[in-house]
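Open the model in your viewer and keep the sequence panel beside it. This tour goes stop by stop, telling you what to select and what you will find there.

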Amino acid sequence: MSHASQGPTDRSDPGPGGAGVLTMPDLPVGRVLEVVRAPEHVLSTPGAAVDPTDPEVAQLAADLLATQEVSPGCVGLAAQQVGRALRVFSVDVTGHPKTRTCHGAFVLCNAEVVEASRRERGREGCMSVPDLTGDVKRARRVVVRGQLPVTGEEVTVETDAFEAVALQHEVDHTDGLLFLDRVAGAHALHPRQRYL
């Protein structure tokens, strides 16, 4: 998922809403990977469940965070977007103006939305669909359950507002869905603004 670029922020800050930063296990050094674009087949391929303790999954987690970090405006990145049909994604909404609750930069494996409420329509973008944004109806409060890479520890993320939207967007990617699959029709698609 992508949105307006923000400056760097202190990752130890729990952020508004009182949520603590989700403490990630130590990961290997991440590599910056190429982000694939629609209509690449992998983007519509549901991801296979992963073993979070597998070293290859730990490397993928590190690569997702590294790629997200160098991509202006990127607040989330899924394995499908780097060419792997797996249930792994990263999220970091730190510093985004629409963020209320923030858990910092984290990666979840095999994540699923277990509760969702307060649906509202909002504009979304995606690095894999660089020329369009779309109006998508998403829950503004969610509970997402998943596992951390390396340890396999099961975690539950309760969040709201922008972080909730970002999590749903990334879970969709791991299900083989793009925001284009969620818009009400062509009238809900918009050319992406370019800022020079």
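Select Arg100. Arg100 is partly exposed, with a relative accessible area of 42%; partly exposed covers the range between buried, under 20% relative accessible area, and exposed, over 50% (1.4 Å probe, protein chains only). Now add Asp160. Asp160 and Arg100 form a salt bridge, with the closest N and O atoms 3.5 Å apart. The term salt bridge here needs a side-chain nitrogen of Lys or Arg within 4 Å of a carboxyl oxygen of Asp or Glu. Asp160 lies in strand β5 (residues 154–160) and Arg100 in the loop between β2 and β3, so the pair ties together parts 60 residues apart in sequence. Asp160 is buried, at 12% relative accessible area.

A word on the model itself. It is a predicted model, in which local features need pLDDT of at least 70 and side-chain atom pairs count only at pLDDT 80 or more, while totals for chains, interfaces and linings use all residues. Residues are numbered from 1 along each chain as its sequence is written, and side-chain values use heavy atoms, with hydrogens and water left out.

**Zoom out: the whole chain**

Color by secondary structure. The protein chain has 2 helices and 6 strands. Helices (H or I, at least four residues) and strands (E, at least two) are DSSP runs, numbered from the N terminus. From the N terminus on, the order is α-β-β-β-β-β-α-β. Of the 196 residues, 55% count as buried. Now show contacts, meaning heavy atoms within 4.5 Å. Among contacts with a separation of 6 or more, 72% are between residues 24 or more positions apart. Switch on the surface: the chain exposes about 9400 Å², by the Shrake-Rupley method with a 1.4 Å probe, where for residues only the protein chains shown count as cover. Carbon and sulfur atoms supply 50% of that area.

**Select 55–69: helix α1**

Helix α1 has 15 residues. From first C-alpha to last, α1 reaches 21 Å, close to the 21 Å expected at 1.5 Å a residue; the expected span is 1.5 Å times one less than the number of residues. How many of the residues of α1 are buried? The count is 12 of 15, so to speak a mostly covered helix. Among them are Val57, Leu60, Leu64 and Gln68. Show β1 (76–78), β2 (88–91) and β3 (106–126) as well: the buried residues of α1 pack against these strands. At the start of α1, look at Asp54. One of its side-chain oxygens comes to within 2.7 Å of the backbone nitrogen of Glu56.

**Select Asp63 and Arg31**

Stay on α1 for another salt bridge. Asp63 pairs with Arg31, and the closest N and O atoms are 2.6 Å apart. The pair links distant parts of the chain: Asp63 sits in helix α1, Arg31 in the segment before α1, 32 residues apart. Is Asp63 buried or exposed? Asp63 is buried, at 2% relative accessible area. Arg31 is partly exposed, at 47%.

**Select Arg138 and Asp172**

Arg138 forms a salt bridge with Asp172, with 2.8 Å between the closest N and O atoms. Arg138 lies in strand β4 (residues 129–147) and Asp172 in helix α2 (residues 161–174), so the pair ties together parts 34 residues apart in sequence. Arg138 is buried, at 4% relative accessible area. Asp172 is buried too, at 5%. Add Glu124 and Arg182: salt bridges that share partners join Glu124, Arg138, Asp172 and Arg182 into one network. The full count comes to 10 salt bridges.

**Select Met24**

Met24 is in the segment before α1. Its relative accessible area is 19%, so Met24 is buried. Measure from its C-alpha to that of Val107: the two are separated by 7.7 Å, though 83 residues apart along the chain. Beyond neighbours within four places in sequence, Met24 contacts Ala105, Phe106, Val107, Leu148 and Pro149.

**Last stop: the cores**

A nonpolar core is a set of buried Ala, Val, Leu, Ile, Met, Phe, Trp, Tyr and Cys residues joined through side-chain atoms within 4.5 Å. The largest has 41 residues. Select Val88, Phe89, Leu108 and Leu167, which have the most contacts inside this core. At least two residues come from each of α1, β1, β2, β3, β4, β5 and α2. Which element gives the most to this core? Helix α2 does, with 6 residues. Center on Leu167. Leaving aside neighbours within four places in sequence, Leu167 is in contact with Phe89, Val91, Phe106, Leu108, Val144, Val157 and Thr159. Then move to a second, separate core of 10 residues, including Val36, Cys126, Val136 and Phe179.

Terms used. A polar contact is a pair of N or O atoms within 3.5 Å; within protein, one must be able to donate a hydrogen and the other to accept it, and residues adjacent in sequence count only if both atoms are side-chain atoms.
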